[in-house]
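Q: Hi! I'm new to this one and would like a friendly walk through it. Could you take a look with me?

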Amino acid sequence: MILYTIVPLETVLDGSDNYVPLYSELPLKNGGTLLLEQCGQNSARVVRLISSNPGDYLDPKLAPGSIIEFRAENRA
Amino acid sequence: MAAARRQRQGTARKARQYRQHKENGGNGRENVLQNIQQLGQATVPQQPESSIHSITIIGQIEGHLTLPPQNKTTKYEHVIPQLVAVEQNPKIRGLLIILNTVGGDVEAGLAIAEMIDTLSKPTVSIVLGGGHSIGVPVAVASDYSFITETATMTIHPIRLSGLVIGVPQTYEYLDKMQDRVIRFVTAHSHITTDEFRRLMFCTNQLARDIGTVLVGQDAVEIGLINEVGGLGQAIRKLQEMIGEGGESDLH
């Protein structure tokens, strides 16, 4: 893998030994998958969208970096 | 008994109302707080659907390896399906590519560049801030490219890290990889191969590297970028190109 950049490599890869992200997957209604990283009690950040519908990639709610909140639903 | 039933229904109704309230965007205050944390402003300007889409290429173009979180990255696995969506969606008539990148993975960068190049709709790119290293092929891949006066583009040889075996084949491999980039750039701009190589191997410009830094107008004079300009000019050029395609009513 060739990293072609003006930033010195030690700056770019700094911390790569301790960075171990924990991902979880969320299946979407229309068949795709959302890769999430938990970042709080009730919220997770989108890391990656996997979907065969290209239109999904234009949806800002599913873009990498957006926060998804979930709450426990009380079924009476 | 009836009172107990009424109480249960009341609770269920309240739960339903709360769910509905949350689905409708919840408390307005929460959204504002979220926006301030993530974007630094309280409300994000809303815009009616536009026929021109824009994709920003920022930071490092991330390839097959996830970079540590201090890096701002462009995730090519998201950009490429977006380009597919732009190609397929009949409502989108043109694409604006905004670059401020320090380079990144060669293959991911070339992948994005080739996708932009083979898009059938008009594309215009603007280089703001920086369009270094692998940002150069991405910038020239569009139908027309702009660079702002203060933006810079660094032309330098690709570098190999990790275990390097000291045999001539290593240099040949590097040369082959380098050739991919040089061939793409010279095929999509007005610069010649010799001129581009001369810039790449210049030894008296950069302090810790070999190469050349082109600022704004330099990039245009050398034939790499079409024109010096910014956002306004780019949008106007894109609308012009869309208009020439024979369509009316664009915005």
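Q: Which residue does B:D179 form a salt bridge with?
A: Its partner is B:R197, and the closest N and O atoms of the two are 2.8 Å apart. Keep in mind as we go that this is a predicted model.

Q: Where do B:D179 and B:R197 lie?
A: B:D179 sits in helix α6 of chain B, while B:R197 belongs to helix α7, residues 193–200 of that chain, so the pair ties together parts that are 18 residues apart in sequence.

Q: Is B:D179 buried or exposed?
A: In between: B:D179 has 28% relative accessibility, so it counts as partly exposed. B:R197 is partly exposed too, with a relative accessible area of 24%.

Q: How many salt bridges are there over all chains?
A: The count comes to seven by the rule used here. One of them joins B:R198 to B:E195, with the closest N and O atoms 2.7 Å apart.

Q: And where do B:R198 and B:E195 lie?
A: Both are in helix α7 of chain B, three residues apart, which is about one turn of the helix. B:R198 counts as partly exposed because its relative accessibility is 49%. B:E195 is partly exposed as well, at 24%.

Q: What about B:E240, which side chain does it meet in a salt bridge?
A: That would be the side chain of B:K237, at 3.8 Å from N to O. These two residues are three apart in helix α9 of chain B, residues 231–244, so about one helical turn separates them. With 44% relative accessibility, B:E240 counts as partly exposed.

Q: Let's switch to the two chains. How many salt bridges are there between chain B and chain A?
A: The count between them is zero. Polar contacts are another matter: the rule finds 12 residue pairs across the interface, both residues of a pair being at pLDDT 80 or more.

Q: Which elements of chain B give two or more residues to the side that touches chain A?
A: They are the helices α1 (2–23), α2 (28–39), α3 (76–88) and α6, together with the strands β1 (52–62) and β3 (94–105). The largest share of that side, seven residues, comes from α3(B).

Q: How many residues does the contact take from each chain?
A: Chain B gives 45 residues and chain A gives 34.

Q: Why do people talk about lost area when they describe an interface?
A: The size of an interface is often given as the accessible area lost when the parts come together. Here, chain B and chain A bury about 3200 Å² between them, with 65% of that on carbon and sulfur atoms.

Q: Okay, what does the secondary structure of chain B come to?
A: Nine helices and eight strands. Chain B has 251 residues, and 43% of them count as buried. As for its surface, chain B exposes about 13800 Å², and carbon and sulfur atoms supply 52% of this area.

Q: What share of the contacts in chain B join residues at least 24 apart?
A: That share is 67%, taken among contacts between residues at least 6 apart in sequence.

Q: Can we zoom in on B:T101? Is it buried or exposed?
A: B:T101 has 1% relative accessibility, so it counts as buried. You'll find B:T101 in strand β3 of chain B.

Q: Which residues does B:T101 touch?
A: Leaving out residues up to four places away in sequence, B:T101 touches B:I57, B:I58, B:G59, B:I61, B:G130, B:G131, B:H132 and B:G135. Looking at B:G59 in particular, its backbone oxygen lies 2.8 Å from a polar atom of the B:T101 side chain.

Q: Back to the surface. Which residues form a nonpolar patch there?
A: B:L160, B:V164 and B:Y173 do, with about 250 Å² of accessible area together. B:L160 is found in the loop between β6 (152–155) and α6 (168–187) of chain B. Its relative accessibility is 30%, so B:L160 counts as partly exposed.

Q: One last stop, in chain A. Where does A:E10 lie?
A: A:E10 is in helix α1 of chain A, residues 9–12. With 57% relative accessibility, A:E10 counts as exposed.

Q: And how many Å apart in space are A:E10 and A:V47?
A: They are 24 Å apart, C-alpha to C-alpha, and 37 residues apart in sequence.

Terms used: Residues numbered from 1 in each chain as written. Chains lettered and ligands numbered in written order. Predicted model: local features only at pLDDT ≥ 70, side-chain atom pairs only at ≥ 80, totals over all residues. Heavy atoms only, no water. Patch = residues over 30% accessible without salt bridge, like charges linked within 9 Å, V, L, I, M, F, W, Y side chains within 5 Å. Areas by Shrake-Rupley, 256 points an atom, 1.4 Å probe, with all protein chains shown as cover. Salt bridge = Lys/Arg side-chain N within 4 Å of Asp/Glu carboxyl O. Helix = DSSP H or I, 4+ residues; strand = E, 2+ residues; numbered from the N terminus. Buried < 20%, exposed > 50% of the residue type's maximum accessible area, 1.4 Å probe, protein only. Contact = heavy atoms within 4.5 Å. Buried area = accessible area lost by both parts, 1.4 Å probe. Polar contact = N/O pair within 3.5 Å; in protein donor to acceptor, adjacent residues only side chain to side chain.
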